[in-house]
Amino acid sequence: MIVLGIVLFLVAAGSLVLGILQLLQKGPLINNAWLYADEKQRRTMNKTPHYRQSGIVFSMIGIQFGMLGVFCLTKLHIFMYMEFAVIGLVVIYAVVSSVMIGGRKKSGSNKES
């Protein structure tokens, strides 16, 4: 279990670094909206909200993996419950922020008409 805990901490660190880089808008944008957009959409897309969304999600996933690593090392179930709560928050945040970003994009295109 110690090896698993160390691996989970490494994954957590990697995810946190990726989340921080996304929040700083450094490196490639790792977001479904960007990955599925064609070249024309990418040229006109405002990447800032997508970078912020990805940064927050990857940071929260890093926290989740860190708690899972602590659980593996300590066997204290409170960390497992906290991990489940973070997973729920990640899912809720990802859905709500996607809807909000999509709503902003649609209301912005209506104003231009």
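**Reading helices, loops and contacts**

Reader: Let's start with one residue: what is the relative accessible area of Gln-25, and how do I read it?

Author: Gln-25 has 37%, so we call it partly exposed. The cut-offs go like this: buried is under 20% relative accessible area, exposed is over 50%, and partly exposed is in between, using a 1.4 Å probe and protein chains only. Before we go on, a word on what you're looking at. This is a predicted model, with residues numbered from 1 along each chain as its sequence is written. Local features need pLDDT of at least 70 and side-chain atom pairs count only at pLDDT 80 or more, totals for chains, interfaces and linings use all residues, and side-chain values use heavy atoms, with hydrogens and water left out.

Reader: Okay! Where does Gln-25 lie?

Author: In the loop between helix 1 and helix 2. Helices here are DSSP runs of H or I, at least four residues, numbered from the N terminus. Check the backbone of Gln-25 too: its phi is positive, about 60°, although Gln-25 is not a glycine.

Reader: Which residue follows helix 4, and what is its phi?

Author: That's Lys-75, with a positive phi near 60°. Lys-75 is also a residue other than glycine, and it sits in the loop between helix 4 and helix 5. With 41% relative accessibility, Lys-75 counts as partly exposed.

Reader: How do I check the span of helix 4?

Author: Take 1.5 Å times one less than the number of residues; that's the expected span. Helix 4 has 27 residues, so it should span 39 Å, and its end C-alpha atoms are indeed 39 Å apart, which agrees. As for how a helix winds, there are 3.6 residues a turn in an α-helix, so residues three or four places apart point the same way.

Reader: Let's look inside helix 4, then. Is Gly-55 buried or exposed, and which residues does it touch?

Author: Gly-55, which lies in helix 4, counts as buried because its relative accessibility is 0%. Contact means heavy atoms within 4.5 Å. Not counting residues up to four places away in sequence, Gly-55 touches Gly-19, Gln-22 and Leu-23. Remember Gln-25? Its C-alpha atom is 8.6 Å from that of Gly-55, and the two residues are 30 residues apart along the chain.

Reader: And which residues is His-50 in contact with?

Author: Setting aside neighbours within four places in sequence, His-50 is in contact with Leu-29, Asn-31, Ala-33, Met-45 and Ile-101. His-50 is in helix 4 and counts as buried, at 6% relative accessibility.

Reader: What joins the side chains of Gln-64 and Glu-83?

Author: A polar contact of 2.6 Å. That term needs a pair of N or O atoms within 3.5 Å; within protein, one must be able to donate a hydrogen and the other to accept it, and residues adjacent in sequence count only if both atoms are side-chain atoms. Gln-64 is another helix 4 residue, and at 9% relative accessibility it counts as buried. Apart from neighbours within four places in sequence, Gln-64 is in contact with Glu-83, Val-86 and Ile-87.

Reader: One last residue: is Ile-2 buried or exposed?

Author: Exposed, because its relative accessibility is 59%. Ile-2 has its place in helix 1, residues 2-23. Now try finding Thr-74: it is 72 residues away from Ile-2 along the chain, and their C-alpha atoms are separated by 9.7 Å.

Methods
Helices (H or I, at least four residues) and strands (E, at least two) are DSSP runs, numbered from the N terminus.
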